[in-house]
Amino acid sequence: MTDPGPAAEPARSYHGQPVIKEPVWTWEIPCYFFTGGLAGASAGLAYLSERRGNEVLARRAWAAALVGATASPILLISDLGRPARFLNMLRMFKVTSPMSVGSWILAAQGASTGLVALHAWSGRLARPAALARPAAALLGLPLSTYTAALVANTAVPVWHESRGLLPFVFGAGAALSAGAAAVAVTPPRHAAPARRLALLGAACELGAKELMERRLGELGEPYRQGPASTLGHVARACIAAGAAVLATRGASSRAAAVAGGVLLGTGALSARWSVFKAGFGSASDPRYVVGAQRERIAAGQTPGAARTAPRVASPRSELGSPATAS
Amino acid sequence: MKLETIAWPGSYGDQAKPRMGFFTDTSVCIGCKACEVACKEWNQIPMSVQGFTGHSYDNTIDLGANSWRHVAFIEQRKPVDADGDGSLSQVAARASLAEDQGLATYQEGDGIRWLMASDVCKHCTEAACLEVCPTGALFRTEYGTVVVQEDVCNGCGYCVPACPFGVLDQRQDDGRVWKCTLCYDRLKDEKEPACAQACPTNSIQYGELGELREGAEHRLAQLQHAGQREARLYLADDDDGVGGASAFFLLLDEPEVYGLPPDPVDSRRELGSIWAATAAAALALGAGLVAAALGGRR
Amino acid sequence: MGSNMAEQHPVGFQWVIEAKERGAKVIHVDPRFTRTSAMADRHVQIRAGSDIAFLGGVVNYIFERDAWFREYVQHYTNGPVILKPDFQDTEDASGFFSGWNSEHSAYQIDTWGYNKSTGEATAGKSEQQADVSGEQAHGAHGMKLSAGQPPDIDDSMQDERCILQMVRRHFSRYTPEMVAETCGCSAEEFLEVARALCENSGRERTSAIVYSVGWTQHTTGVQNIRAASIVQMLLGNVGRPGGGILALRGHANIQGSTDIPTLYNILPGYIPMPHPQSHPTLDTFVELNGPDTGAWGNLRPYIVSLLKAWWGDAATEDNDFCFDYLPRINGDHSHYAMMLKMLDGGVKGMLCVGQNPTVGSANSKLIRLALAKLDWLVVRDFQPTESALFWQDSPEHESGEVRASDIQTEVFFLPAAAHTEKDGTYTNTQRLLQWHHKACEPPGDARSDLHWIYHLGKAIRAKLADSEDPRDRPIREVTWDYPVHGPHDEPDAEHVLQEISGRRPDGSFLESYDELLPDGSTTCGSWIHCGIYKDGVNQAARKKPHSEQNWIAHEWGWAWPKDTRMIYNRSSADPEGRPWSERKRYVWWDGDAGRWTGLGDSPDFPPEKEPGYRPSRRAKKMEAIAGDKPYILHPDGRAWLYVPTGLVDGPLPTHYEPQESPFSNPLYAQQQNPTRQVFHRPENPYNPTDGEQGAGVYPFVLSTYRLTEHHTSGAMSRTVPYLAELQPEFFCEVSPQLAAERGLEHGGWATIVTARQAVEARVLVTDRIKPLHVQGRAMHLVGAPYHWGGVGIVTGDSANELLPLALDNNVHISEYKVATCDIRPGRRPRGQARLALVEDYRRRAGVKS
Ligand SMILES: Nc1nc2c(c(=O)[nH]1)N[C@H]1C(S)=C(S)[C@@H](COP(=O)(O)OP(=O)(O)OC[C@H]3O[C@@H](n4cnc5c(=O)[nH]c(N)nc54)[C@H](O)[C@@H]3O)O[C@H]1N2
Ligand SMILES: Nc1nc2c(c(=O)[nH]1)N[C@H]1C(S)=C(S)[C@@H](COP(=O)(O)OP(=O)(O)OC[C@H]3O[C@@H](n4cnc5c(=O)[nH]c(N)nc54)[C@H](O)[C@@H]3O)O[C@H]1N2
Ligand code: SF4
Ligand code: SF4
Ligand code: SF4
Ligand code: SF4
Ligand code: SF4
Ligand SMILES: [Mo]
């Protein structure tokens, strides 16, 4: 609560206070990262399975997409400071705001998925539903990855500095989630594509996240501390275990498939959560914010925002003070 | 000198007003906090008692939803610097004298300085907060400033981590985000912002940005001339990471000492690459899906 | 020195910054490194209570370097005046001046006068002997001198007994080494300041000294300022632009409430309050209080015009203009004297208007015990303060010493209007009056103080309307007829200002106090303010911006006397009336026009008196002031390096230790100011001082002060949300060394203990407080702002619980700035245990309780 006093203070921060603000987002947001990815990739899986004639898998994947697409806006709205004003999200479309772009994607993808579901249950609106199927699948792709853009496009070092890899981590996570969900609810003999997706996603997720954390170097410390680290371990363990179970017994045992699916799903969610939490850790410690910037300056990539050399040759001849300059 | 922002003056046509801003000269700030109080009074900001922090005389802690001005207090032992001004070398002389007399534990020969600086939203030329706001609640005014429309903001919170200066924050009981408006309402009445008007030493100078920048260069030159080698302008240039700002500062030490980022960048500058990576990842996901669904058995 | 201007006078401090930017060197001499120090070129840390040693050192330095301004000193000060042969300095009598009466603990001042001056020292000289409290020193305005000329003068200033030589000798032991030893700064630091002052004084340059309560709140308060006066007079820094001694006053309008006083011992315009025995008639009053010469030679017209303003037609030549109606002063009725009397059951009721004494006054517990002895108490304030609620909540309630049901005092709370809710004036530090207009109506039942006092007066008068009792006549006959307006019959404040300004016999407004007459034909409520309504215009309400006039800004507000912006400005010219230098010209003699002229200020001198004017032997009043004597309020027209009359503790400043000090007086055998007021009683125990048994129990120096963020007792800031949050908790400031020594944790809690009480405060460990090396030992300071109390948005223990009553006897100000204490980590014990802790300390220190 208090710093150790001026004498002991590390010189180069303001009483150890953060330079940027931690996000105000709460638990809904990492859940949404998960459900958005689930909805997005599931729609793709469903659509492609359908095209391949795997109706059993397709129906279940559509259902997963529907669950994801329904949960996502609920989570998002509930996180808003003013939930009643959620429609303001659609007041404009702004490419500079991944959240704006994402809201439209989510809205469109959700509507498409909804249409597909409606048609599936009631048989009505067949023609629009026919268009909605590929639309949901296609929109599902950016829906799965834009959330990475959303967090990368902030001042939070651990997010911003991994902007190149984070979308791949999230994309892989989406694949993993969709595969895991489908595997868990589909009889193993119909679930081969889902298993493949889950295992592919798992591999990519583990690899991409590992790569991302390494590339961050010192900035990646928040991933190795506190809740982000714990969640990271949980994620890795669950994903590895889930993948192992799935790879070995997933095709043969329903129980193993369910267990593997649940483990992978938990892993995917934990991984999202770990990214989320690492952002907080990175924002709250001025070392990361200032450190990265100081490095840039030291490397000569940028002069920084301060300058000691005046742009005039000499001070104004007439002496005046700021106190009375008008 | 380029002062234009993306939406100003262009989108205002002849409604555009000169770009207004603050030059905060911290070398004359006496830490009276009149700016903090005047801002709260004028804008009817809720009280926020934080308790005793031990951060020197700063019990406000930082900028946030309920503090749109924040005065920082930094106590420093000033190392004896032979190149410094006269009084410092005298300090050095005293130091050795003190040592001779065995008094080193008491007057240690170190000078001390107490920096005070009033911080505020920078009203960046390239304002990340404004760019990321999905609702358009944050907008660029005809004065080139950045303001939250409180009737539009839905509290999505995106602007909060987007601001490279940690200015914006959400008000707990209200859900929306709040920050300095550069007294948009007062500007419209051709009044000076409340904080600047209250500042007794004119540490906060309000005016047309172009003129402020010119004055600031002279002030910097004056201080450098007087041996204040550590004096520097912060955010006074177009070529920094936020394209300069309407509120810029004269500091007497590195920005981070005041809790300011040394190289703030509007994240939008990387947005192209971010979108590219996002699209690539989406395609990769597509490819993965196709591979998973079409490869191997049904 | 002794002022934290940036924090306590931030708006005025902009001009210091302005001066600094223009090249002025700003030096801050203070026991702490404050926001003022942060802006200064140089901060010199000294031990609290050692300023006379420091300034005495400067005086000594000035003599050593021969840096004094000979012409100025010779013509404008009393340096050349020869003193009585039987005067003895402290240097000769180990810390006492001649005339010490140890039985009465007071001085008899017969020997202090100018040599061969036959007249009595005025203003209660005789009372001074009779009344050991030194009561009648108040309002002393000099002595009788024929023709305004001290009888024995040596213009060469070589005579052993001339004042200049006396001053030189008095301070000759105040060497740089002695300064370092006493003040705890290094000799080099001291020398830097002394050198800077001397180098920046003389014909071409001037230096100003700023002080506030860091100087006054000592048992040597008045002499601190006297020491500065000596420095400034020797250097010729008074009455000249950029010079002077600036007393930064306290509460907004504390200056106004001194000029038209809320004080018990003076009448408006510094006219002394009459004494029952010595002043039976107006004639004796004028005879004893007014010197014959100088501006005070006109005391009669001043007081007669005042009496006419108060009693109007009832005041006639025959009844001495109702002089008998004035109250008489028969003792010390200053704040603490009153509180002690109250404690002894001698006061029935109290009107507490604009004060919060249970937080603002020293020894809070004593104050509360005293209030509890009242029958009734009226508090007029914005909201119930600690003083209004003393009966229901206090540390004594917490400890169980007192229960609300035991307190019989009936407390009335009346809501008061704030300054924004009423018309009136503020008098600033520099005697400048500014009118403020009401901005909005007071809320609810809140009324202005003027409204309350006026209608209270009317109610009392109505009650006494039929009284035959002669003692009620002053009230029945007083002029009490201000026009009222508005729904609540608000009296017209401008009308009051008109009465203060004064009228001619024909009812027109007076121009200046020169027009006042002794025959009762003029009225004037305060002679120094005469002319503030001249030409029927509220001069204080003029608000022409400085940008539209020259820097003297004569059309902004109005300054007493006669709208003089710089007092004694005749001394900005040399004896012949020429500016000392072009750079520093201000007021000078225009021979062709035959008058004083200048940059635009009103000359503080008879406008047509030529520099060469010499009074005749019979001259009186202003006629007796020569053309080269600028200090017209003194009977000799000179500034006083040495004060022959008016002070109870000596004509020259002398270093004494504070009442409580961890050190012995390095200069004199006499430890403390011998005339200080102390009250030895169980409610007011003192910590032992250095040399006494048990002094080590309270080893540290405690000093109290203010913060920008709060105002005095906090009643106006702890109750305001935006101010309360800025400094939400009572804290103390200590050095890292003391923190280490006592195990105090930054951000944690500490308990500060004196013989009076124990309080708890958060700890701010800071390099801004440095231990000093004094007399071969470490001196640790515990700094404590005094703004907290039990009521408000933020609350906390009050620093004044810790302090004793120890007063300067000239003005009865309390030594808030120094005491001794101990400090220990952790929060204080609660309830009974708190008392036990204090008691334990007392026992160890041998303090009787
Ligand atoms: N913000 C604010 N402004 C105020 C007030 C307030 O409460 N808050 N109060 C008003 C009032 S009533 C008054 S009287 C004035 C007082 O104004 P100041 O006199 O400036 O107030 P203080 O802080 O009490 O004391 C001033 C300084 O004296 C120093 N000091 C203490 N002892 C000594 C000593 O022995 N020698 C020297 N040289 N310095 C010493 C203290 O360290 C402190 O920095 O301020 C007025 N202005
Ligand atoms: N330890 C310590 N004690 C000190 C000092 C110190 O430095 N150290 N400084 C001393 C000094 S310099 C001072 S001036 C005193 C101040 O001590 P106090 O005068 O006792 O304290 P204030 O809080 O100023 O009290 C003023 C009260 O007047 C009320 N008030 C304001 N305006 C009006 C008005 O127009 N009408 C009425 N009726 N009420 C009004 C306010 O609300 C407040 O309650 O403290 C002294 N005590
Ligand atoms: S400082 Fe932050 S809140 Fe202010 S305009 Fe810039 S980005 Fe927006
Ligand atoms: S919280 Fe409000 S102002 Fe900030 S980005 Fe969201 S809608 Fe815009
Ligand atoms: S410009 Fe207005 S809103 Fe902004 S800090 Fe100043 S007073 Fe507050
Ligand atoms: S009002 Fe001015 S001097 Fe006071 S703290 Fe704010 S910026 Fe500094
Ligand atoms: S509070 Fe009022 S009197 Fe005091 S400095 Fe501020 S403006 Fe001046
Ligand atoms: Mo005061």
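**Interfaces in a predicted model**

Let me begin with chain C, where the rule finds zero salt bridges across the interface of domain 1 of chain C and domain 2 of chain C. I should say straight away that what we are looking at is a predicted model, and that every value I mention this morning has been computed from that model.

To place that interface, chain C is divided into domain 1, which is made of residues 5-82 together with 153-247, domain 2, which covers 569-638, and domain 3, which covers 677-845. The C-alpha centres of domain 1 of chain C and domain 2 of chain C lie 26 Å apart, and the contact brings 20 residues of domain 1 of chain C together with 19 residues of domain 2 of chain C. How much area is buried between domain 1 of chain C and domain 2 of chain C? The value is about 1600 Å², with carbon and sulfur atoms giving 51% of that area. On the side of domain 1 of chain C, the three residues to look for are His75(C), Tyr76(C) and Pro241(C), which supply 39% of the area that this domain buries against domain 2 of chain C, more than any other three residues.

Although the rule finds zero salt bridges here, it does find 15 residue pairs in polar contact across the interface of domain 1 of chain C and domain 2 of chain C, both residues being at pLDDT 80 or more. Sorted by class, the side of domain 1 of chain C that touches domain 2 of chain C holds eight nonpolar, seven polar and five charged residues.

Let me turn to chain B, which is divided into domain 1, residues 10-77 and 112-264, and domain 2, residues 266-298. The centres of domain 1 of chain B and domain 2 of chain B, taken over C-alpha atoms, are separated by 40 Å, and nine residues of domain 1 of chain B are in contact with four residues of domain 2 of chain B. About 500 Å² is buried between domain 1 of chain B and domain 2 of chain B, and carbon and sulfur atoms give 38% of it. In domain 1 of chain B, the residues that lose the most area to domain 2 of chain B are Glu126(B), Glu131(B) and Gly241(B), which together make up 64% of what that side buries.

Across this interface of domain 1 of chain B and domain 2 of chain B the rule finds one salt bridge. Glu126(B), which we have just met among the residues that lose the most area, also meets Arg269(B) in a salt bridge between their side chains, at 2.9 Å from N to O.

Still in chain B, there are two ligands to point out. Around ligand 6 there are 14 residues, of which Cys29(B), Cys32(B), Lys33(B), Cys35(B) and Cys199(B) come nearest, and the shell divides into nine nonpolar, four polar and one charged. Around ligand 3 there are 14 residues as well, of which Cys121(B), Lys122(B), Cys124(B), Cys129(B) and Cys163(B) come nearest, and here the shell divides into eleven nonpolar, one polar and two charged.

Finally, I come to chain A and its contact with chain B. Chain A has ten helices and one strand, and its C-alpha trace spans about 85 × 45 × 35 Å along its principal axes. The contact takes 93 residues from chain A and 110 residues from chain B, and the area buried between these two chains is about 8100 Å², of which carbon and sulfur atoms give 58%. In chain A, Tyr14(A), Lys21(A) and Arg52(A) lose the most area to chain B, and together they account for 10% of what that side buries.

Between chain A and chain B the count is ten salt bridges. One you can find in the structure is formed by Glu254(B) with Arg12(A), where the closest N and O atoms are 2.8 Å apart. The count of residue pairs in polar contact between chain A and chain B, both at pLDDT 80 or more, is 43.

Which elements give two or more residues to the side of chain A that touches chain B? Among them are helix 1 (28-52), helix 4 (126-152) and strand 1 (306-307) of chain A, and helix 4 of chain A gives the most, with eight residues. By class, this side of chain A has 49 nonpolar, 25 polar and 19 charged residues.

Key
Residues numbered from 1 in each chain as written. Chains lettered and ligands numbered in written order. Predicted model: local features only at pLDDT ≥ 70, side-chain atom pairs only at ≥ 80, totals over all residues. Heavy atoms only, no water. Domains from an automatic or database assignment. Contact = heavy atoms within 4.5 Å. Buried area = accessible area lost by both parts, 1.4 Å probe. Salt bridge = Lys/Arg side-chain N within 4 Å of Asp/Glu carboxyl O. Polar contact = N/O pair within 3.5 Å; in protein donor to acceptor, adjacent residues only side chain to side chain. Nonpolar A, V, L, I, M, F, W, Y, C, P; charged D, E, K, R; others polar. Near = heavy atom within 4 Å. Helix = DSSP H or I, 4+ residues; strand = E, 2+ residues; numbered from the N terminus.
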